[in-house]
Amino acid sequence: MLTTSEQILEQLIAFPTVSQDSNLALIGFVRDYLHEHGIESVLIHNDDGDKANLYARIGPDGDGGVMLSGHTDVVPVDGQDWTRDAFRMTLESGRLYGRGTADMKGFLACVLALVPSAASRSLAVPLHLAFSYDEEVGCIGVRRMLDMLESVKERPDLCIVGEPTEMQVGIAHKGKLAATCICRGVEAHSALPDRGLNAIYLAAEMIQALRDIQESVRTRSPHDHHYSVPWTTIQVGTIRGGTALNIIPGECRFALEIRNTQHDDPEALLSRIEEAADEIVSPHRGDFSTAAIDITVTNRYPALDTRPEEEVVRRVQDLMDTEDFIKLAFGTEGGLFQQRLGLATVICGPGSMDQGHKPDEFVARSELARCDVFLGKLLDQISAQ
């Protein structure tokens, strides 16, 4: 029988739940594990039926309690220089190696290791478990679970998302807006450039406009120095255009993102970007009526902004015996829990994102142990006296 977080983590790592693939084998394992301890769960599937969120409640009905949230998917290992089997956990020098050990199956393992104690106790308020799919590709799967939870009247008063923070108390993270920009020119023979409109040149002007907007944000918007990069960032990640050197390119497309602090509205920044696109294209429309720069939002999730003076922050700080807090550069599902359900949310989990998404990802055994202690104290806190 699996009894420790390390044993459970070894089992979870063996499920290769890369976002492009199904997570149902892992979800089935969790569902059966919970059932063995008398806890029933609800599965919320995607349209294709090959992925699912899992939600479970331990303890009494009613308001209050704590939600422990985490995602089950991991990023790919293709093209990475692993020196170990990525989907077989290995122990070396106090580190547990494997894809997802830090991001974030380590936390899930600690939560599941807590289940037998939680199921055997009389709890004063419920303990909610929320395990999602497709977080790594834009916090997609959890939205279906939130659709269901919005109809539930009883709400926890605290949500802990166990992303890797080295067990520091994270109270905020940046939001993200991702978009595709398609620059449409007019093809012509490269020997007759005046008869065409070079889409790559349009893209180059557009990218420069993005850099100008970025610089304006960096110099004029408020900075929050709790972040490692204390301002909102705008960047281009991929670009593709043209078909042959002797053809004036008729199309060029690139992907861009905005990662915003709470001080900047991403929709307002998107409007500035769209205005810049129109200014670039307008001079060409007299000669080339089909010229365009089209910007389409492909994904977005909100920033998390829990105030440091909120009672729930002190509550988690007390459990960790600290008065400190951090703000995270990377996004999580926490902003969606706060926005959609109005839940006071903090981020706190074992491991470091310095190891996440890399070859030979690992979590220190000591981090799992700290998380086990933290969750044990949390369980004591919500148990009936």
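In the predicted model, Ala 178 stands opposite Glu 257 in strand 13. The two strands involved, strand 9 (residues 175-184) and strand 13 (residues 251-260), pair in the antiparallel sense over 10 bridges. Strand 13 also pairs with strand 11 (residues 233-241). These strands likewise run antiparallel, joined by eight bridges. Here Gly 241 stands opposite Cys 252 of strand 13. Strand 13 thus has pairing with strand 9 and with strand 11.

Salt bridges occur in this region as well. Arg 184, Glu 251, Arg 253 and Asp 294 are linked in a network of them. Arg 184 belongs to strand 9, which covers residues 175-184. Glu 251 and Arg 253 fall in strand 13, residues 251-260.

Strand 7 takes part in parallel pairing. Strand 3 (residues 66-71) pairs with strand 7 in the parallel sense over four bridges. Within this pairing, Cys 159 of strand 7 is the bridge partner of Met 67. Strand 7 and strand 17 are also parallel, and they pair over three bridges. Cys 159 appears again, standing opposite Thr 345 in strand 17. Cys 159 therefore has a partner in Met 67 and another in Thr 345, by the DSSP bridges that define pairing. The side chains of strand 7 alternate in direction. Leu 158 and Ile 160 point one way, and Cys 159 and Val 161 point the other way. All four are buried.

Ile 160 also features in the nonpolar interior. The largest nonpolar core holds 58 residues. Leu 34, Leu 68, Leu 127, Leu 129, Ile 160 and Leu 375 touch the most other members. Helix 3 gives the most to this core, with 11 residues. A second, separate core of 29 residues includes Cys 183, Ala 209, Leu 256 and Ile 295. In soluble globular proteins, nonpolar side chains tend to be buried together.

The surroundings of Leu 129 illustrate the packing in the largest core. Beyond its neighbours within four places in sequence, Leu 129 is in contact with Leu 34, Leu 54, Tyr 55, Ala 56, Ile 58, Leu 68, Val 111 and Val 115. Among these partners, Leu 34 and Leu 68 are named with Leu 129 as residues that touch the most other core members.

Salt bridges number 24 in the model. One of them joins Arg 99 to Glu 361, with the closest N and O atoms 2.7 Å apart. This pair links distant parts of the chain, 262 residues apart. Arg 99 sits in the loop between strand 5 (95-97) and helix 3 (101-120). Glu 361 sits in the loop between strand 17 (345-347) and strand 18 (362-364). Arg 99 counts as buried because its relative accessibility is 1%, under the 20% limit. Glu 361 is also buried, with a relative accessible area of 1%.

Glu 150 and Arg 340 form another salt bridge through their side chains, at 2.9 Å from N to O. Glu 150 lies in the loop between helix 4 (142-149) and strand 7 (158-161), and Arg 340 lies in helix 8 (residues 334-341), so the pair ties together parts that are 190 residues apart in sequence. Glu 150 is partly exposed, with a relative accessible area of 37%. Arg 340 counts as partly exposed at 22% relative accessibility.

The salt bridge between Arg 370 and Glu 367 is local in sequence. Their side chains meet at 3.3 Å, N to O. Arg 370 and Glu 367 are three residues apart in helix 9, so about one helical turn separates them. Arg 370 counts as partly exposed, at 38% relative accessibility. Glu 367 counts as buried, at 11%.

Ser 383 lies in the segment after helix 9 (365-382). Ser 383 is buried, with a relative accessible area of 8%. Apart from its neighbours within four places in sequence, Ser 383 is in contact with Arg 121, Ser 122, Leu 123 and Ala 124. With Arg 121 there is a polar contact of 3.1 Å between the side chains. Ser 383 and Gly 59 are 324 residues apart in sequence, yet their C-alpha atoms are 9.3 Å apart in space.

Definitions and conventions:
Residues numbered from 1 in each chain as written. Predicted model: local features only at pLDDT ≥ 70, side-chain atom pairs only at ≥ 80, totals over all residues. Heavy atoms only, no water. Buried < 20%, exposed > 50% of the residue type's maximum accessible area, 1.4 Å probe, protein only. Contact = heavy atoms within 4.5 Å. Polar contact = N/O pair within 3.5 Å; in protein donor to acceptor, adjacent residues only side chain to side chain. Salt bridge = Lys/Arg side-chain N within 4 Å of Asp/Glu carboxyl O. Core = buried A, V, L, I, M, F, W, Y, C linked by side-chain atoms within 4.5 Å.
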